[in-house]
Amino acid sequence: MSICCEPQGATAHIRNGIFFSDQKYYSPMSRGDIAAISETLQTLADLNVLKTLYALYELTVGDFDNCYVSVAQIARQAHLPEETVRGCLQLLETEEDPEGSGRLRLLGSYMHLPALLQMFLRD
């Protein structure tokens, strides 16, 4: 692990991830920002949501542009029932395959969240 913090920014290298933070545009957190972070962390505190998130990430990490997977594939990867996975997917940002196949991939901030969360694991 390597972490460097300076007034110009911060860099962290942990496991297979590197995080850069340019503090040039830092602004204090508003109550709304803190509430949004709290809500996200509460969602991610559910073990089944985390299992679903990581299963979907692992199945699609190789090609975010074209890789969509089914609920059944996610359920197998996460070792969860399909109904549980469907409920968890409602809490995550996903995108459906444009071809209308019902297959999904991560979208938005959740696309890179698993890699960021892994940075906080201790060896």
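These notebook entries record what I looked up in a predicted model of one protein chain.

**Entry 1. Overall layout**

I began with the secondary structure. The protein chain has five helices and five strands. Read along the sequence, I find the order β-β-β-α-α-α-α-β-β-α. I then looked up burial, and buried residues account for 29% of the 123 residues in the chain. For the accessible surface of the protein chain I note about 8500 Å², with 54% of that area belonging to carbon and sulfur atoms. I also looked up the sequence range of the contacts. Of those between residues at least 6 apart in sequence, 47% join residues at least 24 apart.

**Entry 2. Helix 2 against helix 3**

I turned next to the helix pairs. Helix 2 covers residues 47-60 and helix 3 covers residues 71-78. Their axes come within 8 Å and cross at roughly 110°. An angle of 65 to 115 degrees counts as roughly perpendicular, and helix 2 and helix 3 are therefore entered as roughly perpendicular to each other. The handedness of this crossing is right-handed. On the helix 2 side I list K51, T52, A55, L56, E58 and L59, and on the helix 3 side Q73, I74, Q77 and A78. Sorted by class, the residues of this contact are five nonpolar, three polar and two charged.

**Entry 3. Helix 2 against helix 4**

Helix 4 spans residues 82-89, and I looked up how helix 2 packs on it. The angle is about 90°, and the axes lie 9 Å apart. That makes helix 2 roughly perpendicular to helix 4 as well. From helix 2, the residues N48, V49, T52 and L56 meet T84, V85, C88 and L89 of helix 4. I count by class five nonpolar, three polar and no charged residues in the contact of helix 2 with helix 4.

T52 and L56 are listed for helix 2 in its contact with helix 3, and T52 and L56 are also listed in its contact with helix 4.

**Entry 4. Helix 3 against helix 4**

I then examined the pair formed by helix 3 and helix 4. Their axes come within 9 Å and cross at roughly 105°. Helix 3 and helix 4 are therefore roughly perpendicular to each other. Helix 3 contributes V71, A72, I74 and A75, and helix 4 contributes E82, V85, R86 and L89. The class division here is six nonpolar, no polar and two charged.

I note I74 of helix 3 in the contact with helix 2 and I74 again in the contact with helix 4. For helix 4, V85 and L89 appear in the contact with helix 2 and in the contact with helix 3.

**Entry 5. T43 in helix 1**

I looked up T43, which lies in helix 1 (residues 31-44). Is T43 buried or exposed? Its relative accessible area is 18%, and since buried means under 20%, T43 is entered as buried. Not counting residues up to four places away in sequence, T43 touches V49 and L91. V49 is also one of the helix 2 residues that meet helix 4.

**Entry 6. Strand 3 and the loop before it**

F20 belongs to strand 3, residues 17-22. I find F20 exposed, at a relative accessible area of 62%. Its C-alpha atom is 5.9 Å from that of A10, ten residues apart along the chain. Leaving out residues up to four places away in sequence, F20 touches A10 and T11.

S21 is likewise in strand 3. At 26% relative accessibility, S21 counts as partly exposed. The C-alpha atoms of S21 and A10 are separated by 5.0 Å, and these residues are eleven apart along the chain. Beyond its neighbours within four places in sequence, S21 is in contact with Q8, G9 and A10.

N16 is in the loop between strand 2 (9-14) and strand 3. N16 is exposed, with a relative accessible area of 69%. I also looked up N16 with L116: they are 100 residues apart in sequence, and their C-alpha atoms are 9.9 Å apart in space.

**Entry 7. D97 between strands 4 and 5**

Where is D97 placed? I find D97 in the loop between strand 4 (94-96) and strand 5 (104-106). D97 counts as buried because its relative accessibility is 7%. Leaving aside neighbours within four places in sequence, D97 is in contact with Y68 and R103.

Key: Residues numbered from 1 in each chain as written. Predicted model: local features only at pLDDT ≥ 70, side-chain atom pairs only at ≥ 80, totals over all residues. Heavy atoms only, no water. Helix = DSSP H or I, 4+ residues; strand = E, 2+ residues; numbered from the N terminus. Buried < 20%, exposed > 50% of the residue type's maximum accessible area, 1.4 Å probe, protein only. Contact = heavy atoms within 4.5 Å. Areas by Shrake-Rupley, 256 points an atom, 1.4 Å probe, with all protein chains shown as cover. Axes fitted to C-alpha atoms, helices over the stretch in contact; angles between N-to-C directions. Parallel < 35°, antiparallel > 145°, perpendicular 65-115°, else oblique. Left-handed = near helix turned anticlockwise from the far one by under 90°. Nonpolar A, V, L, I, M, F, W, Y, C, P; charged D, E, K, R; others polar.
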